[in-house]
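This report covers one protein chain. It starts with a helix in the interior and then turns to cysteine links, backbone exceptions and overall figures.

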Amino acid sequence: MKVVITVVTCLFLLSVMQLSFFNIFNYQLLDATTNGSKDSRKSKDKLLGGLLTADFDEDSCLSRYESSLYRKPSPYKPSRYLVSKLRSYEMLHKRCGPGTEAYKKATEILGHDDENHSTKSVGECRYIVWIAVYGLGNRILTLASLFLYALLTDRIMLVDQRTDISDLFCEPFPGTSWLLPLDFPLTDQLDSFNKESPRCYGTMLKNHAINSTTTESIIPSYLCLYLIHDYDDYDKMFFCESDQILIRQVPWLVFNSNLYFIPSLWLIPSFQSELSKLFPQKETVFHHLARYLFHPTNQVWGMITRSYNGYLSRADERLGIQVRVFSKPAGYFQHVMDQILACTQREKLLPEVFVLETQVTNTSRSSKLKAVLVTSLYPEYSEILRQMYWKGPSSTGEIIQIYQPSQEIYQQTDNKLHDQKALAEIYLLSLTDYIVTSDSSTFGYVAQGLGGLKPWILYKPKNHTAPEPPCVRAVSMEPCFLRAPLYGCQAKKVNITPFVMYCEDRITGLKLVDSN
């Protein structure tokens with residue numbers, strides 16, 4: 001009888017174990033299936049809603065397809081028309097880009113205006129050349145502006161590679177290159193295309209060497225467009241409809257610009273319909289263009305992912321604070337620190353600190369980890385924050401972790417490693433949940449646009465005093481066109497167009513907003 005009971009007991013236990021194993025296996029299978037569907041969703045999202053093409057080798061530029069693993073899915077979806085336009089542009093760039101017969105023929109007409117080369121001899125291939133300017137933020141904003149202009153006018157954009165552009169970004173167009181060949185016929189002249197250059201459009205207008213009624217037979221083979229912050233009224237004629245009719249006929253355009261001039265493209269009547277189809281949500285222009293164009297090289301991507309995984313990934317919430325001091329001399333100032341604290345604490349982005357030992361937080365609550373990424377040339381701002389949250393507990397019980405990737409002290413544009421660090425920090429800022437930026441800083445503009453974030457903007461201090469209020473929440477994630485042409489041919493349109501407004505941080509600037 002005991003033997004029978006023992007056997008029955010063993011069989012019962014064995015069946016329970018089998019059932020448990022079966023359930024565990026099923027749960028594992030279900031979990032694997034669920035994770036598989038998540039991975040499937042991620043793999044689909046790696047093309048960012050169709051912005052990107054799948055035609056690249058993934059290992060050659062890890063950031064292109066891996067960015068979706070580090071960034072929350074964007075709530076802003078590109079229009080089908082924009083996706084179609086990008087694929088068409090990629091095919092055009094293949095047909096007309098460096099190394100093609102079309103490019104070779106197009107370069108042959110440069111400098112031969114006296115021979116009356118017909119502009120029709122270049123066929124479908126017309127070009128924009130981008131000259132590198134000072135400052136990484138400026139470069140990124142002007143590249144985006146030029147690329148949109150290229151889309152609107154069916155031109156090929158080629159970028160000056162004499163700086164470190166190829167050390168920062170991967171090629172954005174498949175099967176071709178966006179780098180201007182070093183043997184380009186005008187390479188030796190690019191640095192001379194300044195405000196007084198006789199081949200710049202504004203100077204030619206001023207000297208009556210060209211005008212909007214110039215006949216096709218004397219259209220120059222190339223023009224320089226000077227759109228730097230100190231440009232004058234003649235240079236600003238670029239944004240007039242009648243001048244665009246002439247400019248569109250020129251085979252080669254060389255742009256010397258440090259401005260995000262996209263808002264004024266929307267005020268040119270012949271572009272408005274196309275722009276509205278490309279970007280039904282007007283404040284998404286830079287967001288989509290930046291995610292399409294700017295993919296950090298593997299070296300920069302390594303800096304980004306190591307920093308993110310080491311300092312930001314485990315946080316429940318991430319706050320980015322970008323500090324740019326424009327005063328001379330620049331550096332650490334107490335009034336700037338006071339302003340940062342006033343803004344972040346007033347807007348509930350950072351908690352206050354209990355400074356008395358008798359004031360302690362409720363330790364029974366689970367502590368939320370908030371990572372604060374500070375980017376600045378100077379170490380003092382992050383160090384003071386770090387010391388503050390080390391000396392006393394936060395009023396909310398949150399654990400505040402401060403991280404600053406670099407402290408370069410001086411801006412060193414064209415220093416390869418410095419620019420790579422700057423790009424890595426811009427990208428890291430774009431991965432945060434909330435962002436505070438400095439007044440009129442193109443560095444901050446790029447980060448907010450990449451991340452699809454509406455920043456809190458720190459107002460520029462006056463007389464070494466923290467302003468009141470210390471900051472303002474931007475109504476749009478779009479960058480500001482800091483020196484917009486507010487007078488002349490666009491003056492009336494600025495005041496009656498619902499989708500442009502004066503910038504929160506620059507009264508001479510314009511930015512795109514959605515009219516509602």
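In this predicted model, helix α11 has V285, F286, H287, H288, L289, A290, R291, Y292 and L293 as buried residues. The helix spans residues 285-293, and nine of its nine residues are buried, so α11 is largely enclosed by the rest of the structure. The list includes the charged-type name R291 alongside V285 and F286.

What do the buried residues of α11 pack against? Their partners are the helices α3, α5 (136-153), α9 (262-265) and α16 (442-451), together with strand β12 (506-512). An α-helix has 3.6 residues a turn, so residues three or four places apart point the same way.

**Disulfides**

The count of disulfides in the chain is six. With the bonded cysteines numbered in sequence order, the pairing reads 1-4, 2-3, 5-6, 7-11, 8-9, 10-12. Three of these links are set out below, with the sulfur separation and the torsion about the S-S bond.

| Pair | S to S distance | S-S torsion | Hand |
|---|---|---|---|
| C96 and C125 | 2.0 Å | about -65 degrees | left-handed |
| C200 and C224 | 2.1 Å | about 60 degrees | right-handed |
| C480 and C503 | 2.0 Å | 100 degrees | right-handed |

The disulfide of C96 and C125 has its sulfur atoms 2.0 Å apart. This pair links distant parts of the chain, 29 residues apart: C96 is in helix α3 (residues 80-96), and C125 is in the loop between α4 (101-108) and β1 (127-130). Helix α3 is also one of the elements that the buried residues of α11 pack against. C96 has a relative accessibility of 0% and counts as buried. C125, at 4% relative accessible area, is buried.

A second disulfide joins C200 to C224, with 2.1 Å from S to S. It links parts of the chain that are 24 residues apart, with C200 in the loop between α6 (165-168) and α7 (201-206) and C224 in strand β3 (residues 222-227). Both C200 and C224 are buried.

Between C480 and C503 the sulfur atoms lie 2.0 Å apart. C480 sits in the loop between β10 (471-473) and α17 (491-496), while C503 belongs to strand β11 (residues 500-503), so the link ties together parts that are 23 residues apart in sequence. C480 has a relative accessible area of 3% and is buried. C503 counts as buried as well, with 6% relative accessibility.

**Backbone exceptions**

Most residues other than glycine have a negative phi, and most peptide bonds are trans. The following sites depart from that pattern.

Which peptide bonds are cis? One runs from K328 to P329, with omega near -5 degrees. P329 is placed in the loop between β5 (317-322) and α13 (334-346). Another cis peptide bond joins E468 and P469, where omega is about 0 degrees. P469 lies in the loop between β9 (456-458) and β10.

The loop between β9 and β10 also holds H464. H464 is not a glycine, yet its phi is positive, near 55 degrees. Is H464 buried or exposed? Its relative accessibility is 55%, and because the cut-off for exposed is over 50%, H464 counts as exposed.

L48 likewise has a positive phi, about 55 degrees, although it is not a glycine. It is found in the loop between α1 (2-45) and α2 (62-70). L48 has a relative accessible area of 11%; because buried means under 20%, L48 is buried.

**The chain as a whole**

The secondary structure comprises 17 helices and twelve strands. The chain has 516 residues, of which 54% count as buried. Its exposed area is about 23,900 Å², with carbon and sulfur atoms supplying 55% of that area.

How are the contacts distributed along the sequence? Among contacts between residues at least 6 apart in sequence, 74% join residues at least 24 apart.

Note on methods. Residues numbered from 1 in each chain as written. Predicted model: local features only at pLDDT ≥ 70, side-chain atom pairs only at ≥ 80, totals over all residues. Heavy atoms only, no water. Helix = DSSP H or I, 4+ residues; strand = E, 2+ residues; numbered from the N terminus. Buried < 20%, exposed > 50% of the residue type's maximum accessible area, 1.4 Å probe, protein only. Contact = heavy atoms within 4.5 Å. Areas by Shrake-Rupley, 256 points an atom, 1.4 Å probe, with all protein chains shown as cover. Disulfide = S-S within 2.5 Å.
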